[in-house]
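Me: Please take a close look at one part of this structure and follow its side-chain contacts outward. I would like a connected account rather than a list.

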Amino acid sequence: MTWMRRTPKENPHLNFMKLAVAEASAGVRKGHGGPFGAVIVRKGKIIARAHNEVVSTFDPTAHAEVMAIRKASGKLKTFDLSGCELYTTCEPCPMCLAAILWARIPRVYYGCTRRDADAIGFRDDLFYAKTRIRLGAGTVRLVPLGRRECLRVFREWANKKDRVVY
């Protein structure tokens with residue numbers, strides 16, 4: 001009997017997270033904003049991808065999640081994204097979380113935590129403390145995934161000599 005070594009099955013969730021990381025990295029290299037990327041998926045197909053564009057657009061609301069929601073809603077011609085999932089390189093800030101709730105996205109996979117964002121100069125943790133957001137049943141499920149991969153793009157941004165801190 002020949003023993004065959006099985007390779008682990010590809011994790012589609014992690015693959016989508018890696019696409020969010022690639023999107024974030026592209027935004028960092030272009031100087032568009034922080035190390036944040038997002039991908040919206042429906043039935044296993046990518047609907048939208050986006051990265052943070054706060055710096056390049058001079059728009060404090062141009063976070064990756066918001067940009068991805070705008071693109072997905074436009075493509076699908078609906079504000080109801082309840083059949084979609086969102087993959088993002090960082091735990092959504094309160095503004096992005098509100099947009100996710102308005103879009104009715106039931107599940108969000110995130111890489112880095114708000115404390116990871118705080119460690120590189122972002123104020124997400126402070127905003128959470130000020131807003132006191134509490135999620136209840138039936139709102140949105142936040143699932144940690146791929147933190148190690150996401151920390152790479154956080155380091156890329158933190159080491160960027162010409163980064164714009166905001």
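Reply: What follows begins with one helix, its surface and its contacts, and then turns to other contacts and another patch.

The model is predicted, so local features need pLDDT of at least 70 and side-chain atom pairs count only at pLDDT 80 or more, while totals for chains, interfaces and linings use all residues. Residues are numbered from 1 along each chain as its sequence is written, and side-chain values use heavy atoms, with hydrogens and water left out.

The part chosen is helix H7, which spans residues 147-158; helices (H or I, at least four residues) and strands (E, at least two) are DSSP runs numbered from the N terminus. Lys-18, Arg-148, Arg-152 and Arg-155 form a positive surface patch, to which helix H7 gives the most, with three residues. Such a patch joins like charges within 9 Å, taken from residues with over 30% relative accessible area and no salt bridge; Lys and Arg count as positive, and their charges are placed at NZ and CZ respectively. Arg-152, which is in helix H7, counts as partly exposed because its relative accessible area is 48% (buried means under 20%, exposed over 50% and partly exposed in between, with a 1.4 Å probe and protein chains only).

Helix H7 also takes part in a salt bridge, the term for a side-chain nitrogen of Lys or Arg within 4 Å of a carboxyl oxygen of Asp or Glu. Arg-147 is paired in this way with Asp-116, their closest N and O atoms being 2.7 Å apart, and the contact links helix H7 with helix H5 across 31 residues of the chain. The two partners differ in burial, since Arg-147 is partly exposed at 41% relative accessibility and Asp-116 is buried at 11%.

Helix H5 (residues 114-119) has a further link through Arg-114, whose partner Glu-91 lies in the loop between strand E3 (84-90) and H4, 23 residues away. Their salt bridge has an N to O distance of 3.0 Å, and both side chains belong to buried residues. These contacts belong to a total of five salt bridges found in the whole structure.

The aromatic contacts bring us back to helix H7. Six aromatic pairs are counted, where rings of Phe, Tyr and Trp (its six-membered ring) pair if their centres lie within 6.5 Å, and planes under 30 degrees apart count as stacked, over 60 as edge-to-face and the rest as tilted. Phe-36 and Phe-154 form one edge-to-face pair, at 5.7 Å centre to centre and 85° between the planes, which connects the loop between H1 and strand E1 (37-42) with helix H7, 118 residues apart; both residues are buried. Phe-122 and Tyr-166 are likewise edge-to-face, because their centres are 5.2 Å apart and their planes stand at 80°. Since Phe-122 lies in the loop between H5 and helix H6 (124-131) and Tyr-166 in the segment after H7, this pair ties together parts 44 residues apart. Phe-122 is buried at 5% relative accessibility, whereas Tyr-166 is partly exposed at 26%. Together with Trp-157, the rings of Phe-36, Phe-122, Phe-154 and Tyr-166 make up one aromatic cluster.

Beyond this part, Leu-101, Ile-133 and Leu-135 form a nonpolar surface patch with about 200 Å² of accessible area together, nonpolar side chains (Val, Leu, Ile, Met, Phe, Trp, Tyr) being joined within 5 Å. Leu-101 is in helix H4 (residues 94-103) and counts as partly exposed at 34% relative accessibility.

Methods:
Accessible areas come from the Shrake-Rupley method with a 1.4 Å probe; for residues, only the protein chains shown count as cover.
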